Amino acid sequence: MKRIIGSPGTMSGLILRLGQCATAAASIGVMVSAYGFSNYTAFCFLVASMGLQLIWSFGLACLDVYAIRRKSDLRSPVLLSLFTVGDWVTALLALAAACSSAGVTVLFTKDTEFCSQQPALSCNRFQISVGLSFLNWVLAAISSHAMFWILI
């Protein structure tokens with residue numbers, strides 16, 4: 001099998017997964033600390049999607065730590081297929097949530113100037129959380145791409 005950066009059971013794969021965990025947790029933390037986020041479906045979808053990404057990435061990071069410590073190989077075709085499909089699903093959900101939340105954020109800040117009319121809303125936190133979710137999606141896309149090329 002091919003040795004690609006981001007492969008499961010390698011240090012680069014562990015760093016990639018920890019980056020996904022960190023950006024998902026930060027996105028959730030910033031969004032949950034923003035006043036009024038739960039009134040908007042897109043922001044709730046973002047929190048749910050980042051929660052799923054956090055759980056998935058943390059689980060795979062734990063597998064990477066186990067494989068690195070035991071010097072075992074996680075590149076069996078069955079495991080790689082599972083990792084690939086899981087990465088694709090979580091990456092697509094992360095992209096959908098980031099795009100929908102970005103659309104609502106742009107609508108609030110630029111198009112309708114709703115944020116300037118509602119000073120209680122934390123529009124800056126909405127923007128930060130959306131930015132972190134896009135960063136999370138970039139890391140998930142890199143992981144999905146690596147898994148796909150290893151599987152082929």
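**Exercise 1. Work out whether Cys21 is buried or exposed, then see what its sulfur is doing.**

Step 1. Cys21 has a relative accessibility of 9%, so it counts as buried. Keep in mind that we're looking at a predicted model here.

Step 2. Now look for a partner: the nearest cysteine sulfur belongs to Cys62, and it sits 8.0 Å away. A disulfide needs the two sulfurs within 2.5 Å, and Cys21 is in no disulfide.

Step 3. Check the other end. Cys62 is in no disulfide either, and at 39% relative accessibility it counts as partly exposed. The tally for the structure is 0 disulfides.

**Exercise 2. Find which residues touch the most other members of the largest nonpolar core, and which helices supply it.**

Step 1. This core has 16 residues, and Met31, Phe37, Phe43, Met50 and Phe126 touch the most other members.

Step 2. Go helix by helix: H1 (11-33), H2 (41-70), H3 (77-111) and H5 (123-151) each supply at least two residues. H2 gives the most, with 4 residues.

Step 3. Zoom in on Met50. Skipping neighbours within four places in sequence, Met50 is in contact with Ala24, Ser27, Ile28, Ala94, Ser133 and Asn136.

Step 4. Don't miss the second, separate core: it has 7 residues, including Ala67, Leu74, Leu80 and Phe83.

**Exercise 3. Take the "transmembrane region" stretches from UniProt and check how helical two of them are.**

Step 1. The unreviewed UniProt entry places them at residues 12-34, 40-66, 78-108 and 128-151.

Step 2. Residues 40-66 are 96% helix and 0% strand, with end C-alpha atoms 39 Å apart.

Step 3. Residues 128-151 come out at 100% helix and 0% strand, and their end C-alpha atoms are 35 Å apart.

Terms used
Residues are numbered from 1 along each chain as its sequence is written. This is a predicted model: local features need pLDDT of at least 70, side-chain atom pairs count only at pLDDT 80 or more; totals for chains, interfaces and linings use all residues. Side-chain values use heavy atoms; hydrogens and water are left out. Buried means under 20% relative accessible area, exposed over 50%, partly exposed in between (1.4 Å probe, protein chains only). UniProt positions are given in the numbering used here, feature names are shortened, and annotations may be inferred rather than shown by experiment. A nonpolar core is a set of buried Ala, Val, Leu, Ile, Met, Phe, Trp, Tyr and Cys residues joined through side-chain atoms within 4.5 Å. Contact means heavy atoms within 4.5 Å.
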